[in-house]
Amino acid sequence: MSGNRRTPVPAIPSINAPLIEVFSSMQGEGVLIGCRQIFVRFAECNLTCDYCDTPFHAGPTCQIETEPGSGQFNSHDNPVNMTEITRLISHWHHISNNVHHSLALTGGEPLLHADLLKRWLPEVISILPVFLETNGTLPAELEKVLPLLDWISMDIKGSAVTGVPTPWADHADFLSISGDRLCHVKFVIDQSTTEDELLEAARLVNRHAPTTPFILQPRTIASSPVLDGKALLKLQVIASAEHRDVRIIPQIHPWLGVD
């Protein structure tokens, strides 16, 4: 064999993901409400909640905003090469006077792509910290990426609102693993939410994450909360019997007409 012959360097496989959209907007829920984020919405979900208004099935294309906050989108083929998204995140962050607080991974359910995220997130954590929005039902997948996350927003999926049995055991395991990355736990409520279910949810948070804010988020229909202030204050009192930090925070982005 010739001494000049070199062993071929194996090609690094591209990281491709099925996306729904990529855009820049403010966070409209929870304790980071009002913070500007770059949202990467992943396709597919393991739940089918009755109140969900977000399309999550992967299509042949996804939508990527042309400029941060412009509200104008171009179509791109799915799946998307995530190295291109890394470049986009870096570009947007720097042309916007560093306005972006973090990168929001949303869905669908991002943790369905945990193996992919484990490979991709090291590319982006030097640009922006990472905020995960999740339904809190995939604890084993969370463990794969937990060191790469800065904040976790977890939903408790109450059966009265979702129309499917509440995954209490999965939620408990998820909370136990999340640790100090957990910034809040959200519980979407409406007129069908029962006192027993609310108390069980508050009890669960207090057992596994006693210092974490427990957020009562009224379901939004036609850009307005379905529960009025008096009803929400009453539910806050009920939940506070089981957890000391119960907050009422509705979605604000529908009011302002932004995604």
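Trainee: In this predicted model, which cysteine sulfur is closest to the sulfur of Cys183, and why is there no bond?
Mentor: A disulfide needs two cysteine sulfur atoms within 2.5 Å. The sulfur of Cys183 is 9.9 Å from the closest cysteine sulfur, so the gap is too far for a bond. That closest sulfur belongs to Cys35.

Trainee: How many disulfides does the protein have by this rule?
Mentor: A disulfide is a covalent bond between the sulfur atoms of two cysteines. The rule asks for sulfur atoms within 2.5 Å. By this rule the count is zero.

Trainee: Is Cys183 buried or exposed?
Mentor: Buried means under 20% relative accessible area. Cys183 has 12% relative accessibility, so Cys183 counts as buried.

Trainee: And how does Cys45 count?
Mentor: The class between 20% and 50% is partly exposed. Cys45 has 24% relative accessibility, so Cys45 counts as partly exposed.

Trainee: What share of the residues in the protein is buried?
Mentor: The protein has 259 residues. Buried residues make up 50%.

Trainee: How many helices and strands does the protein have, and what is its radius of gyration?
Mentor: There are eight helices and 14 strands. For 259 residues the globule rule gives 18 Å, and the protein's value is close to that, so the protein is as compact as a globular protein of that length. The radius of gyration is 20 Å.

Trainee: How far apart do the centres of the positive and negative side chains lie?
Mentor: The protein has 18 positive side chains and 29 negative ones. The centres of the two sets lie apart by 6 Å.

Note on methods:
Residues are numbered from 1 along each chain as its sequence is written. This is a predicted model: local features need pLDDT of at least 70, side-chain atom pairs count only at pLDDT 80 or more; totals for chains, interfaces and linings use all residues. Side-chain values use heavy atoms; hydrogens and water are left out. Helices (H or I, at least four residues) and strands (E, at least two) are DSSP runs, numbered from the N terminus. The radius of gyration is taken over C-alpha atoms; the globule rule is 2.2 Å times the number of residues to the power 0.38. Buried means under 20% relative accessible area, exposed over 50%, partly exposed in between (1.4 Å probe, protein chains only). Lys and Arg count as positive and Asp and Glu as negative; His and the chain ends are not counted. The place of a charge is taken as NZ of Lys, CZ of Arg, CG of Asp or CD of Glu.
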